[in-house]
Amino acid sequence: TRLDVDLDPQRGTLDIRLLQNGTEFSSRVVSEGTLRVLTLCAIAANPFRPLLIALEEPENGVHPRRLEVIAGLLVGIAERGTQVMVTTHSPAFVAEMLRAQRRAPEKVQLLRCANDRGETSLCPFEDPSPLFENQKVAEALRSDDDLQQVQGMLVRGWLDD
């Protein structure tokens with residue numbers, strides 16, 4: 001519903017306060033994924049656009065259902081003239097970026113980085129469309145299995161102190 005930013009003059013830090021469904025949350029208790037999305041939103045809304053943004057694994061801490069949001073923010077930042085470089089190990093995030101590349105091939109380029117006899121090489125990432133477009137794979141990446149597993153662990157007391 002609302003987002004406020006306060007400067008803590010004693011510590012010299014910023015604290016973000018979020019209001020959601022009538023409850024206020026401090027950035028100290030908000031998930032890392034939420035903070036990553038907010039950071040990308042701030043970068044996207046910044047009127048003083050940087051020339052280059054480099055991110056390592058922007059999908060970390062972000063729910064798999066929100067990877068499309070991360071990909072869309074990154075493409076939007078690139079469309080405004082900022083070069084965006086991202087590293088990832090996430091097949092789900094690569095799948096989202098492949099979809100973005102198909103929509104805007106002039107804006108999105110995927111490269112594979114490899115070590116070739118002690119030298120770094122970059123080559124175009126070949127689109128493995130059948131794998132990433134497979135309906136069962138897509139459903140597995142978007143399933144509620146993770147939530148069910150965590151709930152089962154809680155019921156069994158595996159997550160107790």
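Partly exposed here means a relative accessible area between the 20% under which a residue is buried and the 50% over which a residue is exposed. Keep that scale at hand as you go through this predicted model.

**Stop one: Arg 2 and Glu 24**

Start by selecting Arg 2. With a relative accessibility of 39%, Arg 2 falls between the two cut-offs and therefore counts as partly exposed. Now add Glu 24 to the selection and show both side chains: they meet in a salt bridge, 3.6 Å from N to O. This pair links distant parts of the chain, since Arg 2 belongs to strand β1 (residues 2-8) and Glu 24 to strand β3 (residues 23-26), 22 residues apart. Glu 24 is partly exposed too, at 43% relative accessible area.

Before moving on, widen the selection to include Asp 4, Asp 6 and Arg 17. Together with Arg 2 and Glu 24, these residues are linked in a network of salt bridges.

**Stop two: helix α1**

Next, select helix α1, residues 32-45. Show the side chains of Glu 32 and Arg 36, which form a salt bridge with an N to O distance of 2.9 Å. How many residues apart are Arg 36 and Glu 32 in the helix? They are four residues apart, so about one helical turn separates them. Colour the pair by accessibility and you will find Glu 32 partly exposed at 46%, while Arg 36 is partly exposed at 25%.

**Stop three: the hairpin of β6 and β7**

Now go to residues 111-116, strand β6, and residues 119-124, strand β7. In which sense do these two strands pair? The pairing is antiparallel and runs over six bridges. To see one position across the pair, select Cys 113 and look opposite, where Leu 122 sits in β7.

Then follow the chain into the turn. Two residues lie between the strands of this hairpin, and Arg 117 has a positive phi near 55°. Stay on Arg 117 and show its side chain along with that of Asp 116: here is another salt bridge, at 3.7 Å from N to O. Is Arg 117 buried or exposed? At 79% relative accessibility, Arg 117 is above the 50% cut-off and so counts as exposed. Asp 116, by contrast, is partly exposed, with a relative accessible area of 41%.

**Last stop: the whole structure**

Finally, zoom out and show every charged side chain. How many salt bridges does a search of the whole structure find? The search finds ten, among them the pair of Arg 36 and Glu 32 visited on this tour.

Key
Residues numbered from 1 in each chain as written. Predicted model: local features only at pLDDT ≥ 70, side-chain atom pairs only at ≥ 80, totals over all residues. Heavy atoms only, no water. Pairing = 2+ DSSP bridges. Salt bridge = Lys/Arg side-chain N within 4 Å of Asp/Glu carboxyl O. Buried < 20%, exposed > 50% of the residue type's maximum accessible area, 1.4 Å probe, protein only.
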